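Here are some warm-up exercises for reading a fold from its coordinates. Try each one yourself before peeking at the worked solution.

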Amino acid sequence: PLKNFEILQENEDESLMKSYNTSGYGIFSSSRGYVIPESYTDISNIGTAETPIYIAEYYFSEADYYLVVYYDGSGKILRRQGLAPYEYDKIYCD
């Protein structure tokens, strides 16, 4: 069941939302369904509203390791990478 959501973009053709359930965060489109499945620890748009680039992260607490996946606005995977905590911290530095 859906626990929380945030509307990211709305227009006459489509609404996009960041959703959260017991499995994790995902991106849902009213016209296309799930663009990114609800399985991530967090998702952020590092692009623009017109050209989103989503960074989805999954944290493996048992291994103290992050999986980071970059998606375009249609849900196509652009890049995957695994990061140790000290490397992960660097991707969010100014």
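## Exercise 1: Pairing in the sheet

Strands β6 (residues 53–60) and β7 (residues 65–72) run antiparallel, joined by 8 bridges. One thing to keep in mind throughout: this is a predicted model.

**Task.** Find what stands opposite Y54 and F60 in β7, then work out how the hairpin turns.

**Solution.**
1. Start with Y54, which faces Y71 in β7.
2. Now take F60, whose opposite number in β7 is Y65.
3. Finally, look at the link: the β6–β7 hairpin has 4 residues between its strands, and D64 in that turn shows a positive phi of about 50°.

## Exercise 2: On to the next strand

**Task.** Follow β7 into β8: how many bridges pair them, and in which sense?

**Solution.**
1. The pairing of β7 with β8 is antiparallel and covers 6 bridges.
2. As a register check, V68 has Q81 in β8 as its bridge partner.
3. This hairpin, too, has a residue with positive phi: 4 residues lie between the strands, and G75 has a phi near 95°.
4. What about burial in β7? Count residues under 20% relative accessible area: 6 of the 8 residues in β7 are buried, so the strand is largely enclosed by the rest of the structure.

## Exercise 3: The whole sheet

**Task.** Give the strand order of the 4-strand sheet and explain why β5 and β8 each have one side without a neighbour in the sheet.

**Solution.**
1. The order is β5-β6-β7-β8, the pairing is antiparallel, and the sheet is open.
2. β5 (42–45) and β8 (77–83) sit at the edges with a single partner strand each, so one side of each lacks a neighbour in the sheet.
3. From one strand to the next, the twist averages 15°.

## Exercise 4: A lysine in β2

**Task.** Is K18 buried or exposed, and what does its side chain reach?

**Solution.**
1. Locate K18 first: it lies in strand β2 (residues 15–21).
2. Its relative accessible area is 15%. Anything under 20% counts as buried, so K18 is buried.
3. The K18 side chain gets to the backbone oxygen of I43 at 2.8 Å.
4. Leaving out residues up to four places away in sequence, K18 touches a set of residues including N4, F5, Y25, D42 and I43.
5. Zoom out to the strand: 5 of the 7 residues of β2 are buried, so β2 is largely enclosed by the rest of the structure.
6. β2 pairs with β3 (residues 24–29) in the antiparallel sense over 6 bridges. Within that pairing, S19 has G26 as its bridge partner, and the hairpin leaves 2 residues between the strands.

## Exercise 5: The chain as a whole

**Task.** Decide why the chain can be called as compact as a globular protein of its length.

**Solution.**
1. Get the layout: the chain has 1 helix and 8 strands, in the sequence pattern β-β-β-β-β-β-β-β-α.
2. The radius of gyration is 14 Å, close to the 12 Å that the globule rule gives for 94 residues, so the chain is as compact as a globular protein of that length.
3. For its extent, the C-alpha atoms fill a box of roughly 45 × 30 × 20 Å along the principal axes.
4. Of the 94 residues, 31% are buried.
5. The accessible surface is about 6000 Å², and 49% of that belongs to carbon and sulfur atoms.
6. Last, the contacts: among those with a separation of 6 or more, 13% are between residues 24 or more positions apart.

Note on methods:
Residues are numbered from 1 along each chain as its sequence is written. This is a predicted model: local features need pLDDT of at least 70, side-chain atom pairs count only at pLDDT 80 or more; totals for chains, interfaces and linings use all residues. Side-chain values use heavy atoms; hydrogens and water are left out. Two strands pair if DSSP finds at least two bridges between them. Axes are lines fitted to C-alpha atoms, for helices over the stretch in contact, and angles run from 0 to 180 degrees between N-to-C directions. The radius of gyration is taken over C-alpha atoms; the globule rule is 2.2 Å times the number of residues to the power 0.38. Buried means under 20% relative accessible area, exposed over 50%, partly exposed in between (1.4 Å probe, protein chains only). Contact means heavy atoms within 4.5 Å. Accessible areas come from the Shrake-Rupley method with a 1.4 Å probe; for residues, only the protein chains shown count as cover. A polar contact is a pair of N or O atoms within 3.5 Å; within protein, one must be able to donate a hydrogen and the other to accept it, and residues adjacent in sequence count only if both atoms are side-chain atoms.
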